[in-house]
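Colleague: I am new to this structure and would like a close look at a single part of it. Could you take me through the second largest cavity and then show me what else is worth a glance?

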Amino acid sequence: MRSKRSTASATDITKPDPPSGWRALARSHIARIIFFWNFVGLGTLVLGVLLLSEMRAGLTEAEYRNLRTQGELIANLLIETGTVQGDPAPYINEPAVREVLRRLLPPIAEGARPGDAGGPRVRVFAADGATIADTDVLYDRLDETPLPSVDEAPNLGASIERAAQRVEYLRLTPWRPTITLAEERRRALQGEIARGERLNESGERVVSVTLPVKRVHAVLGSVTVESPDVERILVAERAAMIPFMLIGAVIIFLSSLLLTLLIAQPLWRLAAAADRLRLTGATRLHMPDISKRKDEIGALSQSLEAMTDALADRIDVNERFAADVSHEIKNPLASIRSAVDTARAVPDLERRNQLLGIVAQDVKRLDRLVTDIARASRIEAETARGDLVEINLGALLQNLAEAYAPAPEEAASVAVTFKRPAPVDAIVLGQEGALGQVFRNLIDNARSFSPPQGIVAVSVEVVRTREGSLARAIVEDSGPGIPPENLETIFQRFYTQRPSGAAFGGNSGLGLSIARQIVTAHKGKIYAQNREPSGARLIVELPLAPPRGDHR
């Protein structure tokens, strides 16, 4: 009787899926890995954009050259028009210096900051350090910040840039002041051209160049040209990258979420379904929503379903086998019990001996049955674990046929002949011991049905079919043949139909069943035919081994 456990269906495991949502994602190890490494990549890119060290160095050097060129031009003009050859020493004409700067440098546009499109900030100092002229105060400029119109739509890009100008993290480029304004003036009064980076009065990072103002050999003062353009360009560039960073973060988040939903979540569901399968005692896994996917996850789901189906089929086969074994063992046991009970009640010695003979016959039948059952179980395990090797099927069958050669005193026994194969060798992949058991069972079965002095013919050939090249082995006997309706039944377990006169209990009915089991495990097939005018033919077809080097 089949166990109720084997009837468990897919509905046995249709419990709710694992919890979904953010909590489930946070608990998923694969999801955490996907999010972490995707955002590590984005963070590395963002950090590289914010640092821009090479870009700053290039801009700074270019700004130095530009400021020095402008400073030299301004200093030359000041020397020509803003200094006076006095008596006894030359001196700086302060009103003339201011007029030169006013004519040379245009006024800063309304709303602009120093260093914007209006040009750099220029300051002229006397030899004692007093400020003679400063372009920031030259025009009495008043900074105004216009408020946006009520009807004006907000400009996202401009808003981000204005906010970025006030955010210190956009100034991440490694930097420290290299010189002070006083040091620049001191070096300029010594006749040098001083340059460096420092903070101005507003706290902005500026690039500065200070040149001496000399008339002949006398240093009358210094002119300082400074500009915050480098830092402002970097901040503007970083601010311009912010929308792209935000878009990139959103895209990475969505892609991570999508990968999590498409990979981590289905894998989690498969694992949970496998756990439910183990805990509930069900035998089949069925997840059609995942199995329909046309990717590796769908292939994994299909493989798991196929594996559980195969295991369930194996369980069903084992349960049927156990039931059949139980039934087959009960018959001789019942016969033994009946014979023993009768022998106790029968006083006739001759009748009692007959009953004891029945008991002995049934014991022999039980021994044969248990031996064949053990052999079937062992062969199944060996077939599942054994490695496949190349086997010359012709040589194997020839050796078996020679092993069945009758002794001289067995003239009436059945002969086994072997027909040599064609020049092409029938090489198959398999287990030599298991395949040898198959053909021993077939030859033993054919001999049991053949009459005395009959012949069992064994042959092998290579055939070409649509499925590929096959090695076809044939075992023919000269017996009565097989009833047409039993051509398939003879391969069932414990099926026996012996010829008249054969000893009862001499066969367990497992020989052909074991043969089919082994041939199926070798990806082959076995079937039976009747010969004309009489006799049976058992055919085994096995795929040929691929050429050397092509084994999978």
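Modeller: Gladly; what follows starts with the cavity and then moves on to a surface patch and some aromatic rings. Please keep in mind that this is a predicted model.

With a lower limit of 30 Å³, the count comes to two cavities. The second largest cavity, the one you asked about, holds about 40 Å³ of space. Ten residues line this cavity. If you would like to find its middle on your screen, look for R56, E197, R205, V206 and V207, which lie nearest the centre. Two elements, strand β6 (205-215) and helix α8, each give at least two residues to the lining. The largest share belongs to β6, with three residues.

Helix α8 is a good thread to follow from here, as this helix runs over residues 229-280 and includes L258. On the surface, L258 joins L259, L261, L262 and I263 in a nonpolar patch. Together, these five side chains' residues have about 410 Å² of accessible area.

Now for the aromatic rings. A pair of rings is described by the distance of the centres and the angle of the planes. With centres required to lie within 6.5 Å, the count of aromatic pairs here is zero. Charged groups do sit over rings, though: the charged end of R185 is placed over the ring of F125, 4.8 Å from the ring's centre. Likewise, R516 lies over the face of F491, at 4.3 Å from the ring centre.

Key: Residues numbered from 1 in each chain as written. Predicted model: local features only at pLDDT ≥ 70, side-chain atom pairs only at ≥ 80, totals over all residues. Heavy atoms only, no water. Patch = residues over 30% accessible without salt bridge, like charges linked within 9 Å, V, L, I, M, F, W, Y side chains within 5 Å. Areas by Shrake-Rupley, 256 points an atom, 1.4 Å probe, with all protein chains shown as cover. Salt bridge = Lys/Arg side-chain N within 4 Å of Asp/Glu carboxyl O. Helix = DSSP H or I, 4+ residues; strand = E, 2+ residues; numbered from the N terminus. Phe/Tyr/Trp six-rings, centres within 6.5 Å; stacked < 30°, edge-to-face > 60°. Lys NZ or Arg CZ within 6 Å of the ring centre and 35° of its normal. 1 Å grid on protein atoms, 1.4 Å probe; cavity = no way out; pocket = protein on both sides within 12 Å on 5 of 7 lines; lining within 4 Å. Points joined across faces, edges and corners; volume = space filled by probe spheres on them.
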